Each structure stands twice: as structure tokens, then as C-alpha cells.
Amino acid sequence: MTGILGTSRAVATAAIGATLVASPVGSDPLAAHSYNLYGNPGLLDMPTAEVAPDAELSATYGNIGNQQRTTLTFQIAPRLSGSFRYSRIPDYDFDGTLDRYDRSFDLRFQLLEDEKWWPALSIGLRDFVGTGIYSSEYIVATKEVMKDVRLTYGLGWGRLASANQISDGYGERTGEFNREGGSGRFDQIFRGPISHFGGVSWKPTDKLTFKLEYSSDAYVEEAKRDLFDYESPWNYGLSYEVFTGATLTAASVGGNELAVQFNVTLNPKVRPLGPGNETAPLPVLPRPDRRSNPEAWSTAWTGDAAKIAAVRNGIAEVLTADGIAVEGLALRATTAEIRIDNSKFSAQSEAIGRTARAMARFVPASVETFVIVPVVDGVPSSAVTMRRSDVERLENDPGLEMLGRSTVTAPARPVTVDRVPVVPGVYPRLRWALTPYTQISLFDPDNPFRADLGAQLAANIVLGRGIVVSGAIRKRVIGNLDEITRVSDSVLPHVRSDFPKYLKQGDPRIENLYTSWFARPAPDVYSRVTVGLLEWMYGGVSGELLWKPADSRLAIGAELNYVQQRDYEGGFGFLDYKVLTGHVSGYYEMENGYGAQLDVGRYLAGDYGATISLSRSFDNGWTIGAFATFTDVPAEEFGEGSFDKGIWFTLPFDYLTAQPTRKSFTLLMRPLTRDGGQRVDAPGRLYSRVRDMHEPVLEARGGRFWK
Amino acid sequence: MTAVRLRPIAPLLALSLVAGCGNVPGARDELTAVSAIFTATRASLRPTDGPKPHTSVITGGTPAQVKEVIAPLPGRLKALIVLKTNESAVLFDVGGNGPYHHWATPSGQILTLRGGVLVATRGLGYDLMSAEADGSARLIRERRLGNTDKVLRYLDGEDDEVPMGLKCTVSNQGPESVRLATGETRAATKMRETCISGRLTLNNFYWVDARGDVVQSRQWGGEEIGEVVIQSLRD
């Protein structure tokens with residue numbers, strides 16, 4: 001009866017209702033009919049003023065003539081989207097002897113929604129930090145003139161002003177692009193000649209969209225190199241939805257060239273297989289009535305070790321089946337404090353809800369206060385205090401009601417925490433796993449996609465509260481990462497750019513092997529000391545402090561590392577390079593999921609600077625973010641790309657499977673890996689360890705308390 | 001577990017695509033993830049008519065067979081049939097809390113009833129998280145005509161409980177006896193609860209005996225759960 005496919009119409013109806021209430025009557029953001037060849041909401045080659053539904057992620061592959069564009073687009077906010085594109089134009093450089101590989105970033109913003117007497121209006125910057133091949137800007141209006149028919153008219157600059165020019169515009173626009181890329185070209189935006197473009201889309205059925213456009217892109221540079229046969233500004237084509245979330249487009253571009261496009265979309269807000277197929281929790285067993293059964297409420301059991309052990313074993317038996325380990329239980333006449341290690345549910349609120357129910361079943365009736373303390377590696381990060389009578393009374397009410405009546409605080413001080421005796425036999429605790437791994441290298445012009453698939457043996461031993469030994473070994477089974485022939489030309493110490501040597505010589509390799517000590521020196525302060533092989537390229541000592549109150553959206557941390565570069569063989573050998581590196585970090589997360597992180601300090605190459613990261617986190621565990629690092633390394637010394645930057649995605653596994661698990665995977669993509677602005681990848685960083693135990697996340701996922 | 005969680009490095013984009021063995025809970029989740037993606041993709045590519053409807057003693061057996069099956073089972077029992085999948089199960093009494101009563105299947109699903117009205121499910125995936133149905137429950141128990149509001153709550157993709165408000169009318173359809181799977185016949189009054197939410201109209205039916213207990217019901221649990229039939233097997 002589980003795993004029923006499809007989205008909930010009940011929920012969808014409610015969501016649509018909310019949208020209608022939120023926007024003024026008659027106004028419509030114009031959800032895109034489909035994506036264009038650049039992976040933006042649009043017609044064929046031209047953009048429109050449409051937007052994708054909030055939070056939609058899309059991947060688009062477009063082939064136009066002989067050039068390919070692969071684009072990832074994220075609807076960052078209802079009106080703002082960002083794209084990252086990797087494209088290839090064969091035989092473009094050096095008189096047609098070399099292929100051009102190009103990376104570009106876009107930003108689009110919808111200024112106005114479609115209203116009765118006014119079209120939707122959007123503004124876009126295409127390729128605004130890249131090498132300039134696609135560099136263009138546009139202002140575009142789209143209006144739904146009748147049901148399923150949309151008209152678009154816009155003005156373009158840069159590449160979008162290479163045909164049908166209507167004005168010389170303002171200022172100069174140099175045709176030259178910056179070979180190094182990455183330095184921005186903000187002085188050129190909306191400069192130079194202006195052209196107009198337009199088009200129409202018609203969506204007669206749910207599956208089909210017809211498109212016709214008058215394009216302002218004449219493919220001048222491509223035509224000059226005989227790579228594109230340009231004859232006409234008229235492009236036409238059609239899009240077909242193969243299945244929900246996947247669209248195929250075929251078009252004629254420039255009169256003589258064929259274009260095909262494939263687009264897939266995914267919305268992190270919508271779980272494809274539903275909210276989770278975990279089995280039911282054991283329901284609350286209310287206490288007997290005190291007046292009719294006063295003996296049940298006696299406190300004669302206090303201090304009876306056998307009775308306490310029986311209660312603990314009862315709770316542990318129920319919770320073990322739910323993947324929750326009971327690490328300690330202190331039972332007093334009116335208060336019970338329990339420590340749990342949740343290794344199964346991605347929402348701590350769900351683990352806490354199940355623990356509360358198990359306690360209500362086994363704890364003697366006189367106990368009215370439950371304190372549930374989730375721990376990681378034996379270290380508590382918060383204490384959730386609730387009244388047992390609320391647990392009994394609110395079992396059939398919304399989870400937020402229950403959490404609203406609970407308090408989330410920092411766990412009691414380390415001294416008093418010792419009141420909670422460790423369950424005998426909990427430590428040392430070994431967890432191990434033999435699993436496959438993949439490692440991928442993107443954007444190498446010799447081969448833009450390379451990957452290894454291999455086996456990893458990982459083990460983690462918790463010796464006692466907060467003391468952990470951890471390690472992993474990797475062996476490649478198949479792959480071609482050892483074929484990377486690029487030799488680093490970096491003038492900085494080769495802190496990262498020698499990665500091909502590591503890939504070639506380090507198989508098998510010790511991925512990491514270290515011991516860590518986690519503690520809480522003060523109620524809102526967490527600490528970590530790690531010694532050993534921290535990551536595949538560095539070993540040494542790493543220390544970190546984090547201040548984060550349990551109800552706070554702000555955290556401040558500091559990290560200091562003294563590391564030495566490991567040799568390429570993947571064993572215990574080291575190279576000569578040693579460096580002291582460290583950062584002061586600030587973290588802030590808003591209620592709507594947008595977060596910012598600022599790290600200021602010294603990087604691996606000895607350069608000083610700061611990293612700014614912006615992200616959007618969804619309550620279900622999805623995170624999509626981008627970062628950029630600016631250090632005192634000048635752009636020409638840094639090399640291609642000018643500064644370090646990238647984007648990342650964290651995808652929780654239970655989103656895909658609807659089976660409970662705390663696992664997630666993270667993809668981090670850098671257009672290039674150079675040596676400036678690089679950090680050591682210290683394992684067990686504190687912020688992510690405490691974040692989901694604290695009030696903001698517990699409340700955001702409060703709907704799962706009773707799941 | 002930190003050792004398993006990959007922090008990707010370099011231009012190398014690392015998927016912690018780990019499946020395999022180990023004592024880490026969820027060590028095999030990745031395999032499940034991969035197969036789930038394939039299943040979902042296949043399902044969306046060519047919707048098949050799914051597995052053959054599964055029949056069991058409850059839906060397909062004779063009264064004698066049903067009696068034989070439930071004879072060794074303890075306590076109060078009900079039968080559950082999920083009409084969408086034609087799956088059935090015996091429901092065991094797993095206790096109550098005030099006006100709410102919990103009924104569990106042997107495979108770890110729970111249905112919570114308030115006076116015979118379904119107010120929560122667990123373990124069904126797209127669970128009904130909670131409901132406000134005291135108005136309906138009272139009218140049905142008292143076999144009275146009346147209008148009442150009902151709220152059903154479901155989890156959305158961001159773990160928020162989204163309420164679905166319904167306007168319901170309860171009406172008396174007259175006496176109609178119920179033949180149980182065990183062969184017994186029970187005198188009952190058939191009550192209809194018609195609920196409207198936006199463009200959605202639902203009809204739930206409850207067969208109520210002289211004591212006001214619901215002997216059998218056919219009710220809507222949610223868009224994905226569809227309709228369920230709940231029938232008493234042993235009171």
C-alpha cells in the first residue's frame with residue numbers, strides 16, 4: 001500500500017488557493033510553457049518574460065547547428081532565477097582548429113506580473129561574468145492575449161543586437177572578450193546597439209507548444225567561421241512534453257539550421273513519492289486515571305535500579321526498531337531525561353516525536369516532564385522539554401501545536417549532564433559500511449565529463465562521549481580520471497591544482513583517517529579538535545569553536561588548521577608544503593530558508609580573503625547554493641577564472657525514495673579548480689552538526705513530529 | 001556518520017552514491033534510491049495497469065474461511081480494504097486515547113478512528129496526519145441530519161501540515177443491514193456524509209448500529225489513499 005505515485009491533489013489545491021490569495025486579482029507571473037535553447041524560460045533562441053514555478057530546477061541540453069549548450073537553471077525566488085551554462089562550439093578558435101568550451105552565468109528578474117492592461121516584464125543578463133561569447137542583456141514583455149496564446153516583444157543588447165538593429169544605443173560595447181573570464185563586464189551592460197525581437201507561443205494541448213520567433217541573434221561570429229548558415233531572423237519549432245517534467249523541442253534556427261533541445265525539471269518543494277513510507281509509530285498510551293488508580297501514580301519506584309532498567313529497556317526496544325539508539329536515561333519522580341542518537345529519520349522532530357510516544361508508554365505515571373536530548377557522537381546539541389500531558393492530549397492534533405508547547409534549549413551544562421548515566425554497552429560503538437563511490441571531473445576541454453566508480457570502506461568508532469575515530473579507504477574499479485593530462489600552470493603553491501597527480505597515483509588511497517574530540521565548553525558553544533589525515537590532500541590538526549544558541553538563526557564560528565600537503569600516493573606520506581590556515585565564519589538563516597555564510601581568513605595558498613556563500617534551504621533537506629571567494633591573489637596570478645567560485649546542491653535521499661534515511665548527497669561544481677581561495681576540507685564541521693537539532697529547523701519540520 | 005558523508009573537493013563533483021553493506025542504518029538506501037528513480041521513471045513513461053489485484057481471505061474468502069483465519073487472533077478486530085489497490089488487512093486494536101482509537105495492520109500501518117470516522121493514518125505514505133471531525137462523528141453516532149465543518153491535514157513537500165477544509169452534510173439513508181465477512185448480519189442505519197472542498201465532492205457512508213457504533217464504513221482517506229472500507233470482524 002506504499003509508494004503510491006503522484007502528487008497530492010488535496011495539497012496542490014491548497015497551494016493554488018494560497019497563490020491566488022497572495023497575488024493581486026488578475027495578476028499572473030506567467031509560469032513558463034517551456035524552456036528555450038539557452039535553458040531559460042522562453043521561446044526558441046529568444047527569452048520571454050515568463051518565470052518557472054518557484055524553486056524549480058531545470059537541466060537543458062540544446063544543440064543548435066553544431067554547437068551544444070548545457071544549462072542548469074534554478075528559480076531562486078518567485079521572480080529571480082539564475083543559470084549556469086557549459087557550452088561547446090567546435091572549431092571556433094584559432095582559425096577553426098580548436099573547439100571553444102565556454103562557461104556562462106545568467107540572472108533574470110521579473111519586474112512586473114501579467115495584469116489586465118499590462119504584460120509581464122522581465123530583465124535578463126546573460127553570460128555576465130563569463131568570456132563573453134553569449135554576452136547579452138534584454139528587457140522583454142510577454143502577454144497572454146488569449147487562452148494559451150502568448151505574445152512576446154523585447155529589446156536586446158550585445159549578442160541579442162546582432163540582427164534587426166533599431167538604435168545605436170548608448171555608449172561603447174567592445175567586441176573583445178576577456179580570455180581569462182570571470183572578471184565581470186559590468187561596464188558593458190546595456191551598452192551599444194539595440195535590436196528588437198519577438199514571438200508567439202501557442203499551447204493547444206497540455207503536451208504541445210508551437211513557437212514562432214523573430215530573432216535578433218544573427219550568429220555573426222559563428223557565420224564568420226562558416227559554422228552557421230544564417231539566412232533569416234525567423235525561427236520556428238515545437239515543444240512536446242514527453243512525460244511530466246521532461247520536454248523535447250525541435251526547431252529551425254536562422255533559416256537553415258536545425259536545433260533540438262531536451263529539458264527536464266524537478267521541484268525540490270514537491271516530493272515525487274510522497275512524504276514518506278515509514279511504518280507507523282507506536283501510539284501514545286495515556287496514563288491511567290489518577291483518582292481511580294492511585295497506585296499507578298505511586299513514586300515508590302524511585303531509586304529502584306531494576307525498575308529503571310526495565311523502563312529503559314522497554315523504550316530502547318521500541319526505538320531501536322525505529323533506528324533510534326537510547327544512549328542514556330535519567331529517571332526521577334517527576335522528570336525523565338533521555339538521550340537519543342537518531343540514525344534513521346532526516347527530521348529530528350520525527351525522532352523526537354517517536355521518542356516522546358515511547359516514553360509515554362513505559363515511564364511511570366508520576367513523571368510529568370520529558371526532556372529529550374538528541375546527540376551526535378555522544379555530544380548533545382539541544383534539549384527539548386515537554387509536558388507528558390501535552391503528549392497525551394495533542395497526539396491527534398497538528399505537530400506544530402505540540403512543538404509550540406515544548407521548549408528547545410541548549411542542553412544542561414556538562415556537569416549536570418552527568419546526571420544522565422550512559423547505557424552500559426553503548427560505547428565503544430562501531431559503524432562501518434562498504435559502499436560504492438563515484439568521483440566526477442567536469443569541464444576539462446580534453447574530455448568535459450570524466451568519472452571513476454569504485455568501492456569505499458568506511459568506519460567510525462565512537463569511543464566515548466564526543467571521542468571519535470574515523471577513516472575511509474577507496475579503490476577505483478572503473479573510470480578514466482587517471483587520464484587527465486592537464487599539468488598545472490599555477491604560479492601559486494599547487495594546493496589544489498595538482499589533483500590529476502592524486503587521481504593518477506593515489507589508487508587505492510586512504511581518503512581520510514582521523515580522530516576527533518567534540519565537546520561543549522559552554523551552553524551555547526560547541527568545539528571540535530581533529531588530528532590526522534583530514535582529507536585526500538591534507539593532514540594535520542584542525543580546531544573549531546562555534547557559538548550557536550538553540551533558538552538562534554545566527555551562528556559565529558572560528559576555525560584554525562595547521563596542515564601539511566599529503567603526497568600523491570594516498571598513504572601516510574607528506575610533501576613539504578605546510579600552511580597555517582583558518583577562518584572566522586558567520587552564518588545566518590532566514591525563516592524562508594535563504595541563508596548566508598561569510599568566511600574571512602587565510603586560505604591554503606597563504607592568501608587572505610573572504611568567501612561569501614548564499615543558499616536556499618528547503619525544510620525537507622534540499623539545499624541549493626552558490627559561493628565566491630575573493631582573496632589578495634591578483635586575477636592574473638590566479639589564472640583562468642580570476643577567482644574561485646561554484647555552486648552546490650544537497651539532495652536528501654528520502655526525497656527520492658520516500659524511505660526514512662538521514663543520508664544525502666552533495667554535488668559541488670566549480671567551473672575551474674585553481675589554487676587561490678581554497679580551504680582545507682576539515683571533517684565534522686560543527687554548524688551542520690548542530691543546525692538540525694535547533695529550534696528553527698525543528699519547528700520548520702514540526703509537521704513530522706507525529707509522523 | 002561523518003566518514004560516509006562526502007564533502008566533494010576540487011572540480012571533482014562527488015556523488016556519495018554509496019550502496020552496499022555495513023552496519024550503518026541505511027547503508028543500502030542508495031540502491032533503493034536508484035531503483036526508486038527507475039521505477040518512477042518507468043511508471044511515468046508508460047503507465048501500466050499495475051500488479052494484478054491481490055485478493056485475500058477478507059475480500060475473496062467464504063465466511064467459514066474468514067472465521068478460521070481470525071479464530072486464533074486476539075482481541076477486537078476489524079477488516080480494512082483499500083479500494084484503489086484492492087488490498088486488505090486485518091486491523092488489530094492497539095489502544096485508544098480519549099475519543100480516538102488506533103487500529104493497526106500486521107505490517108505496521110495504523111488507522112485512527114474517532115467514533116468510526118477516519119481521522120489519521122500512519123504508514124500509508126501519503127498519510128492523513130490529523131483531522132477535525134468531531135461534528136461529523138457526533139451526527140453519525142446520533143444518526144441525525146446536519147451540517148458540519150471538517151478539516152483534513154496532509155504533509156506537503158516541505159513538511160508543513162496543509163489543512164484541507166471541507167463543508168459536510170450528514171444525512172440518514174434509512175435502515176440497511178450489513179453482512180460481515182464472518183457471515184453475521186447486523187442491523188444498521190446507513191448514514192451518508194457528503195463533503196465539498198473546492199471542486200472536490202466526497203461521499204462517505206457509515207452503517208451505524210442501535211448503540212451508535214459504526215459497524216461498517218466506506219470513506220475517503222486522501223487523494224492517493226483513495227477510499228477505504230472498514231468493517232467490524234469481532235467487537
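Below, a colleague quizzes a modeller about how some labels in this predicted model are justified.

Colleague: Let's start with burial. Why is A:L30 called buried?

Modeller: Buried means under 20% relative accessible area. A:L30 comes in at 0%, so it counts as buried. You'll find A:L30 in the loop between α1 (9-22) and β1 (57-64) of chain A.

Colleague: What makes the phi of A:L30 worth a remark?

Modeller: Its sign: phi of A:L30 is near 60°, a positive value in a residue other than glycine.

Colleague: And what is the relative accessible area of A:D127?

Modeller: It is 0%, and the cut-off is under 20%, so A:D127 is buried. A:D127 also has a positive phi, about 55°, although it isn't a glycine. This residue sits in the loop between β5 (120-126) and β6 (136-146) of chain A.

Colleague: On to helix α3 of chain A. How do you know how its length compares with the expected span?

Modeller: The expected span is 1.5 Å times one less than the number of residues. Helix α3(A), residues 305-321, has 17 residues and reaches 24 Å from first C-alpha to last, close to the 24 Å expected.

Colleague: Which residues of α3(A) are buried, and how do you know where they sit around the axis?

Modeller: The buried ones are A:I308, A:V311, A:R312, A:G314, A:I315, A:V318 and A:L319. They cover an arc of only 155° around the axis, which puts them on the same side of α3(A). The face turned away from that side carries the exposed residues A:A305, A:A306, A:E317, A:T320 and A:A321.

Colleague: What do the buried residues of α3(A) pack against?

Modeller: Their partners are β14 (324-331), β15 (335-342) and α4 (348-362) of chain A.

Colleague: What makes the link between A:D304 and A:A306 a polar contact?

Modeller: The cut-off for an N or O pair is within 3.5 Å. At the start of α3(A), a side-chain oxygen of A:D304 reaches to within 3.1 Å of the backbone nitrogen of A:A306, so the pair falls inside that limit. Just after the helix, A:G323 takes a positive phi of about 70°.

Colleague: What kind of peptide bond joins A:Y427 and A:P428?

Modeller: A cis one, with omega about -5°. A:P428 is in the loop between α7 (414-417) and β20 (429-444) of chain A. The bond from A:D507 to A:P508 is cis as well, omega being near 0°.

Colleague: Now chain B. Why are β7 and β8 of chain B said to stand at the edges?

Modeller: In chain B, 12 strands form an open sheet in the order β7-β6-β5-β4-β3-β16-β15-β14-β13-β10-β9-β8, with antiparallel pairing. β7 (117-122) and β8 (128-132) each have a single partner strand, so one side of each is left without a neighbour in the sheet. On average, neighbouring strands of this sheet are turned by 25° against each other, direction ignored.

Colleague: How do you know that β3 and β4 of chain B pair?

Modeller: Pairing takes at least two bridges. Strand β3(B), residues 77-82, and strand β4(B), residues 87-97, share six bridges in the antiparallel sense, so they qualify. The bridge partner of B:A79 in β4(B) is B:V90.

Colleague: And how is α4 of chain B oriented relative to β9(B)?

Modeller: Helix α4(B), residues 134-142, runs at about 135° to β9(B), one of the strands it lies across.

How values were computed: Residues are numbered from 1 along each chain as its sequence is written. Chains are lettered from A and ligands numbered from 1 in the order in which they are written. This is a predicted model: local features need pLDDT of at least 70, side-chain atom pairs count only at pLDDT 80 or more; totals for chains, interfaces and linings use all residues. Side-chain values use heavy atoms; hydrogens and water are left out. Helices (H or I, at least four residues) and strands (E, at least two) are DSSP runs, numbered from the N terminus. Buried means under 20% relative accessible area, exposed over 50%, partly exposed in between (1.4 Å probe, protein chains only). The arc is that of the directions from the helix axis to the C-beta atoms. Contact means heavy atoms within 4.5 Å. A polar contact is a pair of N or O atoms within 3.5 Å; within protein, one must be able to donate a hydrogen and the other to accept it, and residues adjacent in sequence count only if both atoms are side-chain atoms. Axes are lines fitted to C-alpha atoms, for helices over the stretch in contact, and angles run from 0 to 180 degrees between N-to-C directions.
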